Amino acid sequence: MTRVHGASAVVTGGASGIGRGIAEALITEGAHVMISDVDAAAAEQTAAEIGALWVATDVSRLESVEELAATAVAEFGSIEIVVNNAGVGPFAPIAELTMADWRWMLDVNLYGVIHGVHTFLPILEANPHGGHIVNTTSMSTLTPFARLGAYAVSKFGVAALTEVLQLELEEAGSRVHVTQLVPGSVRTNIAQSTRHRPDGDKGALQDAAIDLSFSSSTHWLEPSEVGRITVRAIENDDPYAITHPDRWSAVAKRFSRIEQA
Ligand code: NAD
């Protein structure tokens with residue numbers, strides 16, 4: 001079991017939404033937390049409100065994630081928990097996406113997690129008791145949603161990375177555990193994420209109102225609930241943290257694919 005009490009944790013995209021919910025839940029359970037976010041002002045404010053340290057990080061840039069890791073090691077001495085959660089979620093039909101749209105989405109959502117795993121895995125492996133990595137995917141890996149094509153491609157990449165890493169670490173007898181966090185619909189600002197896009201090409205990707213076509217029958221969770229579920233998954237070394245029991249049929253479909261493989 002991974003011990004959360006007394007552990008040092010890094011949470012990317014921790015200034016708001018799910019990342020903030022996870023950071024707060026970790027702090028409640030006695031962890032020392034550093035949040036990182038591309039929105040420095042929001043990160044500073046959130047850190048002050050929840051009692052965390054903060055660093056400005058753009059997860060789409062490897063050097064920025066390396067700086068985050070160096071700062072966290074200098075501050076904490078060791079890092080036991082890493083939550084690769086930063087992500088953006090604007091919408092557009094695949095036929096309308098520009099190449100710049102694809103690149104931005106994959107740079108943040110997929111390369112952001114690749115950078116986190118590449119940078120932090122050796123640091124966790126060096127701990128005598130190992131550590132824990134959480135990577136955030138999405139229900140879009142379980143069931144298709146129109147206009148979420150680029151987002152789903154990025155999240156399928158994170159799901160594949162996480163599942164293969166789990167397998168390899170297990171085969172190697174590693175003390176590092178990995179959880180795939182699969183949130184359903186959580187009340188956050190994810191649908192207004194084009195503000196994080198660097199200036200220049202505006203592309204086809206649009207922010208969306210929160211009343212998405214699939215939302216009327218959706219059970220919305222608060223980030224604090226996702227935070228508690230994630231912390232429980234870390235403590236139990238669960239390979240998955242699936243936040244929406246009402247979506248079990250989609251989950252079962254995906255799991256049966258995994259089991260058949
Ligand atoms: P959010 O917008 O509230 O939080 C995302 C955070 O990531 C923001 O604070 C933002 O500033 C930060 N961020 C954006 N680009 C970044 C970058 N390049 N580098 C570092 N930080 C960056 O949204 P959220 O819903 O809390 O999203 C968190 C994660 O949960 C994302 O990976 C998202 O895809 C995933 N998710 C959310 C939902 C949902 O319903 N909200 C569902 C499934 C998955």
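# A walk from strand 5 outward

Start by selecting strand 5: G131, I133 and N135 point to one side, H132, V134 and T136 point to the other, and every one of them is buried. Keep in mind as you go that this is a predicted model. The strand spans residues 131-136, and six of its six residues are buried, leaving it mostly covered. If you show the side chains, you are looking at a familiar pattern: in a regular strand they alternate between the two faces of the sheet.

**The strands on either side of the tour's start**

Add strand 4 (81-84) to your selection. Strands 4 and 5 run parallel and are joined by four bridges. For one of these pairings, pick N84 and look across to N135, its bridge partner in strand 5.

Now bring in strand 6, residues 176-182. This strand also runs parallel to strand 5, with six bridges between them. Click on H132 and then on H177, its bridge partner in strand 6. Is strand 6 mostly covered or exposed? Mostly covered: seven of its seven residues are buried. V176, V178, Q180 and V182 lie on one side, with H177, T179 and L181 on the other, so colouring the two sets separately makes both covered faces easy to follow.

**The ligand and helix 1**

Next, select the ligand and the shell around it. There are 31 residues in that shell, and the closest are G13, G17, G87, T188 and I190. By type, they divide into 17 polar, eleven nonpolar and three charged. Which element gives the largest share of the shell? That is helix 1, with three residues. Helix 1 (17-28) and strand 7 (185-186) each contribute at least two.

Stay with helix 1 and view it from the side. Its twelve residues reach 17 Å from first C-alpha to last, close to the 16 Å expected at 1.5 Å a residue. Ten of those twelve are buried, so the helix is largely enclosed by the rest of the structure. To see them, highlight G17, I18, G19, R20, G21, I22, A23, E24, A25 and L26. Following the helix comes G30, with a positive phi near 95 degrees.

**Into the core**

From L26 you can step into the largest nonpolar core, which has 59 residues. A9, V10, L26, V33 and I35 have the most contacts inside this core. Centre the view on V33: setting aside residues up to four places away in sequence, V33 touches A9, V11, A23, L26, I27 and A52.

**A loop stop**

Move on to S78, in the loop between helix 3 (62-76) and strand 4. Is S78 buried, exposed or partly exposed? S78 is partly exposed, because 15 other C-beta atoms lie within 10 Å, and a residue needs 20 or more to count as buried. Beyond its neighbours within four places in sequence, S78 is in contact with S8 and N127. For a sense of distance, draw a line from S78 to A150: the two are 72 residues apart in sequence and 35 Å apart in space, C-alpha to C-alpha.

**Last stop: helix 6**

Finish with helix 6, residues 223-235. Its 13 residues reach 18 Å between the first and last C-alpha, close to the 18 Å expected at 1.5 Å a residue. Colour P223, V226, G227, I229, T230, V231, A233 and I234 to pick out the buried residues of this helix. Then look just past the end of helix 6, where D237 takes a positive phi of about 55 degrees.

Notes:
Residues are numbered from 1 along each chain as its sequence is written. This is a predicted model: local features need pLDDT of at least 70, side-chain atom pairs count only at pLDDT 80 or more; totals for chains, interfaces and linings use all residues. A residue is near a molecule or strand if its C-beta atom, placed from the backbone, lies within 6 Å of it. Ala, Val, Leu, Ile, Met, Phe, Trp, Tyr, Cys and Pro count as nonpolar, Asp, Glu, Lys and Arg as charged, and the others, Gly among them, as polar. The expected span of a helix is 1.5 Å times one less than its number of residues. A nonpolar core is a set of buried Ala, Val, Leu, Ile, Met, Phe, Trp, Tyr and Cys residues joined through C-beta atoms within 7 Å. Two residues are in contact if their C-beta atoms, placed from the backbone, lie within 7 Å. Two strands pair if DSSP finds at least two bridges between them.
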